[in-house]
Amino acid sequence: MDMNEKPKVGEKIEDQKPQEVPEVEAPKLPDTKEGKLVAEVLEKAPYAEGNVRRERRVEFKVPADRIKEFLELASEKFEMLIQISVVDWLKEGEFELVYQLWSVSESVHAFVRTRIPRENAKMPTVMDIWPVAETYEREAHEFFGIVFEGNPRLGPFILEPREYEKHPFRKDFNTLGYVKTIYGEDFDRYDESKTNYVI
Amino acid sequence: MSERKNDDFISYELQEFKLFEPLFRWARKKSLWIVAFCTGCGGIEMPPLATARYDFERFGIMPNPAPRMGDLFLITGYVTPKTLKRIIITYEMMQDPKYVLIHGSCPINGGVYWDSYNVVKQFDKYLPVDVAIAGCMPRPEAVMDGIMEIMRKIEDGTADGWKRYRENYEYYRKNQDELFGEGWREKDARRWLAWI
Ligand code: SF4
């Protein structure tokens, strides 16, 4: 029995290999509602990249100069803006903006990613597409210092003015140094020798 | 005016009623009204504390929305500079005698937010504290224990934070001004005037 089984298993693997290779070389969008949705959007926006992450989650990558055009197009399918989140890639000198969209009609969540340089970061506002973007843009502006051109209410919002100047969510913001200057050093948590360490 | 002795708990205001002092202390201890201003995570310990299981009303403790009528101020968790401004204003609105109880390690020394840019590390630099409960976060039993401790302290007259605040006002004021900048009260008041 053993002698017979072993070659069979080997044969099966050999059979599968040629089938897998073309899939890896040319990733196709799956034949699901997510795949169709992505294909539909990409057809109108060939400059973008798109793929399906998993069920109900799709992803687009768009160059920064065409983001507004793309979002306007995508807003036909994705009616709702859930959030604008920012990732600080310090070593690459870039901010990554992730516009999270939700399609009410299809129940699909989309990430639209774009990268902009960290120095004098600027983006066009998307308030005219989704008015709710005002709040998210103010927040991103406050914590990372990105300027959204066309948003009339950029300025101190959640943070105290002193924190606002420093943009505390940037990776190069020295939190401990800031804490020491603002809240004082007379406090055993900062004991570097850890003789009086609390937690 | 005659010379006033500040070292006694009640006589500060009611010298002529000194005879009834023990009675007043007992009454104060038995009718603590909490200022319902829950900051931070500890606020979530209040519902179990107030409802059937721990039911703090059996001790005569009541949550109370008006700071002018409250006398126990619970600081239930981390305090940010922005909240601290409101806490200080609320505390100053409260009538004497008033007691402060802080929950958890955050107000004591920053807790898990010890290196966060917007959590106040030592609450007792800005307002006097009567009882501090350690833990992150303290269970309702611990909070009850803290309240019992406050009751005991009221009875023997050692819960004197409100008095310390008067006596060392310069110290507290200095620390507050260092954190918020001079003139923060006026600036804040001006900001909210439009809504009043
Ligand atoms: S001590 Fe723990 S539970 Fe309390 S406020 Fe801090 S993090 Fe929250």
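# Two sheets, a helix crossing and a ligand shell

B:Leu72 and B:Leu74 point one way from strand S3(B), B:Phe73 and B:Ile75 point the other way, and all are buried. In a regular strand, side chains alternate between the two faces of the sheet. This is a predicted model. S3(B) belongs to an open sheet of five strands in chain B. Chain A has an open sheet of five strands too, but its pairing is mixed, whereas the pairing in the chain B sheet is parallel.

**The sheet of chain B**

- The strand order is S2-S1-S3-S4-S5.
- Strand S2 (62–64) and strand S5 (131–133) of chain B stand at the edges. Each has a single partner strand, so one side of each is left without a neighbour in the sheet.
- On average, neighbouring strands of the chain B sheet are turned by 30° against each other, direction ignored.
- S3(B) and strand S4 (residues 99–103) of chain B pair in the parallel sense, over four bridges. Here B:Ile75 has B:Ile102 of S4(B) as its bridge partner.
- Strand S1 (residues 33–35) of chain B also runs parallel to S3(B), joined by two bridges. Here B:Ile34 has B:Leu72 of S3(B) as its bridge partner.

**The loop after S3(B)**

- B:Thr80 sits in the loop between strand S3 (72–75) and helix H3 of chain B.
- B:Thr80 has 17% relative accessibility, so this residue counts as buried. The cut-off for buried is under 20%.
- Leaving out residues up to four places away in sequence, B:Thr80 touches B:Asn118 and B:Val120.

**Two crossing helices in chain B**

- Helix H3 (residues 81–93) and helix H8 (residues 184–193) of chain B have axes that come within 12 Å and cross at roughly 95°. Because of that angle, H3(B) is roughly perpendicular to H8(B).
- From H3(B), the contact uses B:Lys85, B:Arg86, B:Ile88, B:Ile89 and B:Glu92. From H8(B), it uses B:Trp184, B:Arg185, B:Asp188 and B:Trp192.
- By class, the residues of this contact between H3(B) and H8(B) are four nonpolar, no polar and five charged.

**The ligand shell**

- The residues around the ligand come from chain B, and three of them are cysteines: B:Cys41, B:Cys106 and B:Cys136.
- The others are B:Gly77, B:Tyr78, B:Gly104, B:Ser105, B:Val112, B:Tyr113, B:Gly135 and B:Met137.
- The shell around the ligand has seven nonpolar and four polar residues, and no charged ones.

**The sheet of chain A**

- The strand order is S1-S2-S5-S4-S3.
- Strand S1 (49–54) and strand S3 (80–89) of chain A stand at the edges. Each has a single partner strand, so one side of each lacks a neighbour in the sheet.
- Neighbouring strands of the chain A sheet are turned by 20° against each other on average, direction ignored.
- S1(A) and strand S2 (residues 57–61) of chain A run antiparallel, joined by five bridges. A:Val52 has A:Val58 of S2(A) as its bridge partner.
- Helix H2 (residues 33–44) of chain A lies across S1, S2 and strand S5 (108–117) of chain A. H2(A) runs at about 170° to S1(A).

Terms used
Residues numbered from 1 in each chain as written. Chains lettered and ligands numbered in written order. Predicted model: local features only at pLDDT ≥ 70, side-chain atom pairs only at ≥ 80, totals over all residues. Heavy atoms only, no water. Axes fitted to C-alpha atoms, helices over the stretch in contact; angles between N-to-C directions. Parallel < 35°, antiparallel > 145°, perpendicular 65-115°, else oblique. Contact = heavy atoms within 4.5 Å. Nonpolar A, V, L, I, M, F, W, Y, C, P; charged D, E, K, R; others polar. Pairing = 2+ DSSP bridges. Near = heavy atom within 4 Å. Buried < 20%, exposed > 50% of the residue type's maximum accessible area, 1.4 Å probe, protein only.
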